[in-house]
Amino acid sequence: MKKTTCAACDCELGAEAITVKLGGKTVEVCCQECAEALNEAEAATSAASGGRE
């Protein structure tokens with residue numbers, strides 16, 4: 001069985017994994033706190049690059 005880990009903190013994911021869409025990719029995180037952290041990081045990165053992709 002393949003073990004999956006949180007995209008934010010590398011904790012093992014359980015049945016309650018949360019799906020987050022970042023930059024066109026879908027990732028899974030272990031909790032709402034990690035989801036918010038990834039969303040904040042993406043927003044900061046987008047702001048720093050001037051919204052260019």
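This report walks through the fold, the nonpolar core and two residues of the segment before β1 in a predicted model.

**Overall layout**

Let us start with the chain as a whole. It holds one helix and two strands, and these follow one another in the order β-β-α. Along the principal axes, the C-alpha atoms occupy a box of roughly 40 × 20 × 15 Å. Of the 53 residues, 15% count as buried. The chain exposes about 4100 Å², and 50% of that area comes from carbon and sulfur atoms. When contacts between residues at least 6 apart in sequence are considered, 12% of them link residues at least 24 apart. As for charge, there are 5 positive and 9 negative charges, and their mean positions lie 11 Å apart.

**The hairpin**

The two strands make a good next stop. Strand β1 covers residues 18-22 and strand β2 covers residues 25-29, and the two pair in the antiparallel sense through five bridges. Leu-22 of the pair faces Lys-25 in β2. Two residues lie between the strands of this hairpin, and Gly-23 adopts a positive phi near 55 degrees.

**The nonpolar core**

Which residues make up the largest nonpolar core? There are eight: Cys-6, Leu-13, Val-20, Leu-22, Val-29, Cys-34, Ala-35 and Leu-38. Both β1 and α1 (32-48) contribute at least two residues each to this core, with α1 giving the most, at three residues. In soluble globular proteins, nonpolar side chains tend to be buried together.

Val-29 is a helpful member from which to view this core. Setting aside neighbours within four places in sequence, Val-29 is in contact with Cys-6, Ala-7, Ala-8, Leu-13, Ala-17, Ile-18, Val-20, Cys-34, Ala-35 and Leu-38.

**Two residues before β1**

Leu-13 sits in the segment before β1, and Asp-10 is found in that segment too. Is each of them buried or exposed? Leu-13 is buried because its relative accessible area, 11%, falls under the 20% cut-off. Asp-10 counts as exposed because its relative accessibility of 59% is over the 50% cut-off.

| Residue | Relative accessible area | C-alpha distance to a partner | Separation in sequence |
|---|---|---|---|
| Leu-13 | 11% | 31 Å to Ser-49 | 36 residues |
| Asp-10 | 59% | 8.6 Å to Val-29 | 19 residues |

Beyond residues up to four places away in sequence, Leu-13 touches Thr-4, Thr-5, Cys-6, Glu-28, Val-29 and Cys-30. Two of these partners, Cys-6 and Val-29, are listed with Leu-13 in the nonpolar core.

What sign does the phi of Asp-10 have? Its phi is positive, about 65 degrees, although Asp-10 is not a glycine. Most residues other than glycine have a negative phi. The backbone of Asp-10 is thus worth a look in the viewer, alongside Gly-23 in the hairpin, with its positive phi near 55 degrees.

Note on methods: Residues numbered from 1 in each chain as written. Predicted model: local features only at pLDDT ≥ 70, side-chain atom pairs only at ≥ 80, totals over all residues. Heavy atoms only, no water. Pairing = 2+ DSSP bridges. Helix = DSSP H or I, 4+ residues; strand = E, 2+ residues; numbered from the N terminus. Buried < 20%, exposed > 50% of the residue type's maximum accessible area, 1.4 Å probe, protein only. Contact = heavy atoms within 4.5 Å. Areas by Shrake-Rupley, 256 points an atom, 1.4 Å probe, with all protein chains shown as cover. Lys, Arg positive; Asp, Glu negative; His and termini not counted. Charge placed at Lys NZ, Arg CZ, Asp CG, Glu CD. Core = buried A, V, L, I, M, F, W, Y, C linked by side-chain atoms within 4.5 Å.
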